[in-house]
Every structure is written in structure tokens, then in C-alpha cells.
Amino acid sequence: MKERQIKAQIRQWGSIIFRYRWAVVFAWVFLICFLGFFAVRTPSLLQDSGFTPTGSSSERGIVFLQEKLGMSAASLDIVMESTTGENLTTSEAQAKIWEELGPLRGQPFVQDMYASIVSRRTGEDAVTAFTVLLNETSNEALGHFEEIKAAVPQISGTHTYITGNLAVYHDMSSAVRHDIVRAESFGIPAALLILLLLFGTLPAALLPIAVGLGSVAVTMGSLYFVAVQDVPLSNFLPNMVTMLGLAVGIDYALFMVSRFREELKNRTVEEALNTSCKTAGRSLMYSGGAVMAGLLALNFIQLPVFRSLALGGMLVVLASVLAASTLLPALLGILGNRIFAWPVRFRKKKEHNRISSQAWIRISELIMARPVLVAAVVTAALLAAILPALHMKLGIPSAEVLPPSYESRYGAELMKKAYDMKEANAITVAVELNQDYKEPESIRQMKLYMSKLRELSGVHRVESYASFLKEDSDVMSTQLQSEIEKRHAARGNAAVIAVVPEGGETDPATVKLVQELRQHPPGEMSIYVTGPPAYKLDIMDRIQSGIPYVLITVLLLTYIILFAAFRSVLLPLKAVVMNLLSLGASFGLVTLVFQRGYGADWLQVSYTGSVFAVLPVLIFCVVFGISMDYEVMMLSRIAEAYSKERNNERSTAIGLQRTGGMITGAALILAVVAGAFMFTDNELMKALGLGLTASVLIDVTIVRILLVPALMKLLGKANWWLPGWLSFFARSEHEAVQGDSDR
């Protein structure tokens, strides 16, 4: 009896919302306005990229060097390019630049400044660089970076650029704010146009847009209160929230509005609302659960960026589900039949709907007449599209996440052109000695360890404070001690060794060298292996070690959610496999564009021969859940029809007929919203937008229109098979009867 009462309450959710519709709308309007006030301030609080591998050897090494040697936690590179081709490396030119940089040296946030000590490339004398060490942490410096930037003078006769990780992080934050405006200014009008084409009336088209924007505002406003508590949140987060919020929020609202309009033709407003909440509302809750399952799995990657994106993504999906389940039904209850008001006629709607409906049925019949051929051809095509992804190479870019139009990116390219960046990105070994670095025993230990390092494969050069001494000397002068400590090369019982590799920082030989240094530490000293190569290796290790847990969690949770939705063993399994196929095909496309450079110029992508290591995991978790939405929506209508018809083929045709146009429209909306981020200034969002757009379009065309009907035909009644020992999960007769009466 109690269970039946609970089910009755669920079925009456639409009536409850209808009764309190004005109160629900006022509550949401207040919440959106209140949190929206803080939402616009959130991006400026997010400065960190979120890629710090906290607790790793590289991170502990950085902390050790900061605490023991006073190394700067933040630095800048000022790069100057002569406007006339003048040689900037002469003593006269260097003295002139040093003089003009004088006011900057006097700033309270500057710890030290010197001409770059990295070896120069021949023939690039028109470019020079100075390194500025700051006496602040990265977060402190980013908090007033505009002030720091303004203090850097424009050196006469040159174009002056500020680069380095700090400048890149600042430019990424600027790009985030710019990208959101750009993406929304394109995505929202395009989505509104598609909605007008689908519904033909202005109120019906505006409601999904309102839900999407409201979900984003509520989420971004909520994240403000998280950010002010100094919780590390990535500066990629606003883009992620905006993309997901608009895509998911609009899609969920679209299905609810569509079902309400369909039911309103033969029912009262309250009855139509009840049925819509029970059918479309139930489906969107399962869809939201599938998306959140994918985002939840991001937490298995032990990097702040993934935790940030998981938090923001789950919040915006939750906000979208709540808004579509409460705010939207309340607005529909207020509008009632006025949902058909203010028609915008692009065509003769009734005639179009009749032709469209017949077309979907005809397509379904044609496919199910040749299910084996269709399934084989489509599967082969998808597998072929996956092939490029099998050769995907992963990497960790830095300034490359920004286009060359940004100052920090252009300055970084000039540095690569003029300097040997192998030295700038050398492996750094932080050494904790048993006694003071000046002691003869410490000097002998350092020289012995350095000689062993030089013998390792892949080592180009090894330098430390002991390099300043003659080979047979273990005593240093007071003047030399002062110079060593000024350069932060050694102090107390701490010292640093620079190991310059023969290859680049991501070269396999360099990666192997880092691993070898860690596996064979000197017995008499404690070491931490850090520097850019080790730092990026630790990021890669964190990602790769978490991938198995991510895959298992996403696939298992998705299967459970779909099983709960359809009470079938094979339907969820089939949906998961087909989603993997469409997702794999999108991976292939991302590999072709971002690794091999096909279409890179058109998308303004700076390809480097590898794919950002974050992308495969992020695309998998986000896209897997979102593209599952359409499977849920379509199979829900098929399941509804099957519970009444008990005819597998006819139920499939009905499901395709009733959802074909709407799901196609929803996919187009998601494609334009996510696709807008392909033309932003953030490489991560470009790839995510491309992956999401490609996967959804593949899923909604090739998979849903061709493969789903073919497999539904081939499996027949097995689609609905439930083993006897799971029979307690089957829908009760009361539920089936009630479901039929609701239709």
C-alpha cells in the first residue's frame, strides 16, 4: 500500500507543480537573479589551470626548492623582438635594455631579474629575453597580474612580449571570459532558430533557452561561493559549465515542451502536465543520471582540473534536471494553451508533420527489411572511422593551448625560435645533502653523483654549484659562495642539479631518463626529480592510472541506470556498445584534426603532432553521458509503445516516428551550442566541442536512424528479455495498465 502511494505521488508530480506554479516560478526567478549576480564574477576568481599533480615527486621537489633555496614560485619571461632586425645580444644593446627595465626591478613584487641564461640558437640575434623572478606565489601574482603587466616597460626599438606559465594562465582566464560571450552570441541565436523551426511558436521556442540560461546562471553563481573559499577550481570550468548547461538544459526542456504540446491536444492543462512529467520527465531524470555518472568518474583522475570539471559539470546537469522538472512544468502550467500562441510560420506545419511522420515510418521499415546488411555496413564504417584513434599520441601542451594572437603564446614561440628550450625545460633534481653544501664531503658527493648522471643514456649536460669548482677542488671562496646562493643553486643542506636531456621534454628518451633518475636515487642523498619533463610525466601518470577506473565506473553506472529505466538486460548493453562506436568515431576525427592537422587551419588549431592528454578522458566522460540522452529518449518511446502493442517492429517504428524529428532537432541544437566552442581561443574547449559535436551527429544519424532499428529487428523479443531471477525488477501489471491509460 505504501509503495502504491509513493508511485501515485510521483504520478501526480505534474499536479503538484500545477497547483503551486506561480510560487515555483517566483522561487526560481529569485534564485536565478540572486546567483546570477555572483555568476558574472566567478570567471575572474579562477586563475589556476588545475594541472598541478599534488603530492607527486615533481610537486614536492618544487616546494622543496622554494622553501630551501628561496627559488621563486612564479616567474615571467620578457621577450623582445627588434623592429628593425638589430642585434639585441651586443653588450650595448643589453645595457640599454637593462637600463630601461630599471623601474621594473624596483617593484616590490620583483625578487630578481637577469638576462636569460639559456643557450642561444645561431642567427637569431634580433630576439632576446630576460627572466623576472617574483617574490609571490602564482595565485598571488595572478590576482594582480594586470598591475605586473603594466609595470613591464615597452623597450624602445622592439616589440615586447610577456610569456611564461604565469602569463599563459592569465591569458587563458581572459580567453575563457571572451570565449563564453563569443560562444553564447552564436549558439543561443542558432538554437532559437532551430527551436522555432521545430515548434513554430515563439513561447515554445523561448522556454528551452530560458531553462538553459537559468541552469548556467545558477551553477556559475553557486561556484562563486566555492571559489571564494580558496577551493582550487580550474580556469577551464566556466567554458565547461556554459557548454554543458546550454546543451543539456535546452535539450531536456525541448523534450518536455514537445511532450506537453503533444498531450495538450487531447487533455486539460493539468492532465497534460501530469503525463509529460511522468513520461518525458522520467526519461530526462535517467538521462541526467547517465550524464552525471560520466562526470562523477572524472574524480578518479587525481588532478584538480578533473575534479573541478566534475564538480561544475555535475552541478549544471543537476540544475538542468531540476529546472526542467520544476521551473519548466510551472511555466507550462501558466502558459497552458498559450504555448501555441505567436506562431512563426516557416512552412505549412500540418502537411510537413504528416510527410515527416510518414518518412520516419518508411525509413524504419526499409531498414528492418534488411537488418543484417544495414548493421554490418554501419558497424564497418564506424570501425573504420575509429582507426585513426588507435594511433593517438598524447601530450601536455603549455602555451599551445592558446592561439598565436595571444601575447604569451607569441612570446613562447619567439623563445623557441631564439633559444635552446631543452635547457629551459631541463630536468631539475632537488638534492637534500647530509651536511652543508660548502663542506668538502658534500662537494665530493655532488661531483660523484653528477659524474654518474653524465653516464646515463639521453643526458646532454649536467650542471650544479659544483660545476663552478675545478675537478680536483672541494673548497670554495666566500665570493663564490655568495654567487652560488644569489643564483639559488645551493644553500644550507640543499642544492639543485640541472640535467639537460638530448631530446625534448616529451621525447620518449627524456621520459625514460626521468623514470631512471627516480628508480636509482643516490644512497647518500635524498632527491626529488622535478622540472617540466618530470612535471608533465607526473600529469600523464595520474591520467593513465585513473583511466581503468573511469572506464569501469562510466560503463557500469550507465548500464545500471539504463537497466533501471528499461527493465531489460540487452537494451542497456546494446545502447552502451553503440555509444562506444559513435564515441570512437569522434575520437578518430579529433585525432585527425588535432594530431595530424587535417582541417586545422580552418578551425585555427595549433596542432603539435599530439593530442592533449586530458581530452580523451574528458570527451569520453562528457560525451558518453550526453549522447546517451537520445538513446534514452528514443528507447523510452519504443518501450511505451511496446508495453501497449507487444509488437517489436511496430513499436520501433512508432518510437522512431514520434522522436525522429524532435531528437534530430535536439541534436542540431547541441551541435551548434557545442560547435560554437570549436571557434573559441581555448584548445581544450575546441577539441571538446569538436568531439561532442561529432559524436552526437554520428549518434543521431548513423547510429539512431540506421543501427538502432536494424538491431531492434535482429534481436526481436530478446530486446525485452529479463531473466527469471531478475523478475522482481519487471514492471507490475498496475504500472503497465497505468502507463497505457496515460497515453
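This passage describes the overall build of the protein chain and then several of its residues.

The structure is a predicted model, in which local features need pLDDT of at least 70 and side-chain atom pairs count only at pLDDT 80 or more, whereas totals for chains, interfaces and linings use all residues. Residues are numbered from 1 along each chain as its sequence is written, and side-chain values use heavy atoms, with hydrogens and water left out.

The protein chain contains 29 helices and 11 strands, where helices (H or I, at least four residues) and strands (E, at least two) are DSSP runs numbered from the N terminus. Its C-alpha atoms fill a box of roughly 95 × 50 × 50 Å, taken along the principal axes. The radius of gyration of the protein chain is 30 Å, which agrees with the value near 27 Å for a compact globule of 743 residues; this radius is taken over C-alpha atoms, and the globule rule is 2.2 Å times the number of residues to the power 0.38. Of the 743 residues, 56% count as buried, a term that means under 20% relative accessible area, while exposed means over 50% and partly exposed lies in between (1.4 Å probe, protein chains only). Among contacts (heavy atoms within 4.5 Å) between residues at least 6 apart in sequence, 82% join residues at least 24 apart.

According to an unreviewed UniProt entry, the annotation "domain: SSD" covers residues 215-334; such annotations may be inferred rather than shown by experiment, feature names are shortened, and positions are given in the numbering used here. Over residues 215-334 the chain is 82% helix and 0% strand, and the C-alpha atoms at the two ends are 20 Å apart.

Two residues of helix α28, which spans residues 683-715, illustrate different surroundings. Isoleucine 702 is partly exposed, with a relative accessible area of 31%, whereas valine 703, which also lies in helix α28, counts as buried because its relative accessibility is 0%. When residues up to four places away in sequence are not counted, isoleucine 702 touches Val378, Leu382, Leu697 and Leu707, and valine 703 touches Leu382, Met578, Ser582, Ile698 and Val708. The C-alpha atoms of isoleucine 702 and serine 582 are 8.7 Å apart in space, although the two residues are 120 residues apart in sequence. By comparison, valine 703 and arginine 650 are 53 residues apart along the chain, and their C-alpha atoms are separated by 19 Å.

Alanine 399 lies in the loop between β5 (394-395) and α18 (407-418), and it counts as buried because its relative accessibility is 7%. Leaving aside residues up to four places away in sequence, alanine 399 touches Val168, Ser408, Arg409 and Ala412. Alanine 399 and methionine 172 are 227 residues apart in sequence, with their C-alpha atoms 9.2 Å apart in space.

Backbone angles were also examined. Most residues other than glycine have a negative phi. Tryptophan 342, however, has a positive phi of about 50 degrees although it is not a glycine, and histidine 488, likewise not a glycine, has a positive phi of about 60 degrees. Tryptophan 342 lies in the loop between α15 (304-335) and α16 (349-369), and at 63% relative accessibility it counts as exposed. Histidine 488, in the loop between α21 (478-486) and β8 (490-491), counts as buried at 15% relative accessibility.
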